[in-house]
Amino acid sequence: MLRACGGAAPATAAVPALVRARLARQASSAAYAAAASSSSSNTALEELAAGRKGLARVVLKKGKTQIFRDGSPMVYSGAVDRIIGRPPPKTGDVVLVADGAEKPIGWGLYNSVSMFCVRLMQLEEEAKRDPACALNMEKLLEARILSAVDLRRSLGFPSVHTNAYRLINSEGDRLSGLIVDIFADVAVIASSAAWVEKYRHEIQFLINKVSDVNHIKWRSSTDILKEEGLDVSEQKELEPSSHCGTVEVMENDVLYLVSLEGQKTGFYADQRENRHFISTLSKDQRVLDLCCYSGGFALNAAKGGANNVIGIDSSASALDLANKNIVLNKLDTQRISFVKEDVTAFMKGSISRNDVWDLVILDPPKLAPRKKVLQSASGMYRSLNALAMQVVKPGGLLMTCSCSGAMTQSGLFLKTVQGAASMAGRKVTVLRQAGAACDHPIDPAYPEGQYLSNYLLRVT
């Protein structure tokens, strides 16, 4: 039956039953498709969060989202527009991080005090690929630590030549605030974030499972944790270390005693490749190692066949280790020695005596821990390098270093070194530029993780 345009529709009873059933199925399918479409518009994290009561949402300001979508792990407070959640989240809580439309872009761990109010742990795309770890810090920790172990194994750590290496490098291994160095069978865990302290037992349990680790030393960065809202200065160690004092390690067949109470984690594994390079340059040379700590560069120079090596440092405890390392490596004390003296005073005295060396290493402590002191630190680096260049014989080599992240990231270190050359009346040529060893990975989304500068210069 046909009807004219605008005519009345036929009564339902006039429609055959088969057609009515087909129309009903189509309507049902359309409704299902609409529901599915609505469901698929939800993110993986939204669906997972639906089953979590009280999960707060940190909403970013307009225009502040892309840097975090691109992987920057530190959500600073100035990027946050509002926090949705009652009661408000506490330090260490898992939270969603959302764009201006309140759509989650990732999740992380909240801090109510720090200038970094969230450390992002996983982005939305990763949660889709690996939902088992989404919003689950325990599972994510296990996955990230296993990944770090696999990476070090692929890089050849540990080996018969080297058993001192970095297992977890904070943002470089996507565990911001956590550093783990392995020294033979001892794992030194350095904590600089509130979440690390919260998950201390879980971290220790997982690190204990790493093959060859028999002891754990936990070291909390007291000053940094104060900025995170934690005072651990008087906190008693929950599980006292089963290994105290020193541990003997090997790096590129050079033996060292590492103090578990020493600077940082006790040993600077980041300079491994640069120390080894010094050994290849040292045959028949006179070598000066300034700010030598426990003698890393000096020992490599002696092993490399240097005629004479002297290391200078102002720390008696560091030089005690350095002298023990001479014995440990069965080196000739007529060819290598260490002197306790301020490096500036030593260099000025050497200049007054016209004393020069073929190869000089200058590796001072961190002089610019923050950007606000960069200007004054630049002056100190310039002065130290100007003095160091004057104790290098014409045509000799200077390896100069900066472990200040602010200096390295500013890109000013080489300019500062050039200024030092002008101050010293010398000319320098860059022969080699390097950074930290390969077991110190850097996340390109977090360039602040790049802190070590190392230049080999010819000084004329």
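Reader: What makes the crossing of H12 and H13 left-handed?

Author: In this predicted model, H12 passes H13 in a left-handed crossing. The term is used because the near helix is turned anticlockwise from the far one by less than a right angle. The angle between helix H12 (residues 343–352) and helix H13 (residues 374–390) is about 35°, and their axes lie 9 Å apart.

Reader: Which residues make the contact of H12 with H13?

Author: H12 contributes Val343, Thr344, Met347, Lys348 and Ile351, while H13 contributes Leu384, Leu387, Ala388 and Gln390. These residues count as being in contact because they have heavy atoms within 4.5 Å. By class, the contact holds six nonpolar residues, two polar and one charged.

Reader: Is the crossing of H5 and H7 left-handed or right-handed?

Author: The crossing of H5 and H7 is right-handed; that name is given because the turn of the near helix from the far one is clockwise. The axes of H5 and H7 cross at roughly 35° and come within 10 Å. From H5, the contact uses Glu138, Leu141, Glu142 and Ile145; from H7, it uses Glu202, Ile203, Leu206 and Ile207.

Reader: How many residues of the contact of H5 with H7 are nonpolar, polar and charged?

Author: Five are nonpolar, none is polar and three are charged. The glutamates Glu138 and Glu142 of H5 and Glu202 of H7 belong to this contact, and they count as charged because Glu is placed in that class along with Asp, Lys and Arg.

Reader: Why are S15 and S18 said to stand at the edges?

Author: The seven strands form an open sheet in the order S15-S14-S13-S16-S17-S19-S18, with mixed pairing. Strand S15 (336–340) and strand S18 (428–434) each have a single partner strand, so one side of each is left without a neighbour in the sheet. From one strand to the next, the twist averages 15°.

Reader: How do you know that S13 and S16 pair?

Author: Two strands are called paired because at least two bridges are found between them. Strand S13 (residues 286–290) and strand S16 (residues 357–362) have four bridges, and they pair in the parallel sense. Leucine 290 has leucine 362 of S16 as its bridge partner. Helix H10 (residues 296–303) packs on the sheet and touches S13, strand S14 (308–313), S15, S16 and strand S17 (392–402). The direction of H10 makes about 160° with that of S15.

Reader: Which strands are the edge strands of the open sheet of four?

Author: The order of that sheet is S7-S8-S9-S10, with mixed pairing, and the edge strands are S7 and S10, each of which pairs on one side only. Neighbouring strands are turned by 20° against each other on average, direction ignored.

Reader: What makes S7 and S8 a pair?

Author: S7 and strand S8 (residues 178–183) share five bridges in the antiparallel sense; this counts as pairing because two bridges suffice. Arginine 166 has aspartate 181 of S8 as its bridge partner.

Reader: Why is the space beside Gly71 and Pro73 called a cavity?

Author: The word is used because a 1.4 Å probe fits there but cannot get out. The structure holds two cavities of 30 Å³ or more, and the largest has about 120 Å³ of space. Of its 13 lining residues, Gly71, Pro73, Leu120, Met121 and Arg174 lie nearest the centre. Strand S6 (residues 116–123) gives the most to this lining, with four residues. The classes represented are five nonpolar, four polar and four charged residues.

Reader: What lines the second largest pocket?

Author: The second largest pocket, with a volume of about 210 Å³, is lined by 19 residues, and Thr408, Gln433, Gln450, Leu452 and Ser453 lie nearest its centre. It is named a pocket rather than a cavity because its set of points is open. Helix H14 (405–410), helix H15 (413–424), S18 and strand S19 (453–459) each supply at least two lining residues; S19 gives the most, with three. The lining has 10 nonpolar residues, nine polar and no charged.

Reader: What makes the peptide bonds before proline 87 and proline 158 worth noting?

Author: Most peptide bonds are trans. The bond from arginine 86 to proline 87, however, is cis, with omega near -5°, and proline 87 is in the loop between strand S3 (80–84) and strand S4 (94–98). A cis bond also joins phenylalanine 157 and proline 158, with omega about -10°; proline 158 is in the loop between helix H5 (137–155) and strand S7 (164–169).

Reader: Is the phi of aspartate 212 positive or negative?

Author: Aspartate 212 has a positive phi of about 80°, although it is not a glycine. Most residues other than glycine have a negative phi. Aspartate 212 is located in the loop between helix H7 (200–208) and strand S10 (215–220).

Notes
Residues are numbered from 1 along each chain as its sequence is written. This is a predicted model: local features need pLDDT of at least 70, side-chain atom pairs count only at pLDDT 80 or more; totals for chains, interfaces and linings use all residues. Side-chain values use heavy atoms; hydrogens and water are left out. Axes are lines fitted to C-alpha atoms, for helices over the stretch in contact, and angles run from 0 to 180 degrees between N-to-C directions. On a 1 Å grid over the protein atoms alone, a cavity is a set of points where a 1.4 Å probe fits but cannot get out, and a pocket is an open set with protein on both sides within 12 Å along at least five of seven lines; lining residues have an atom within 4 Å of a point. Grid points are joined across faces, edges and corners, and a volume is the space filled by probe spheres set on the points.
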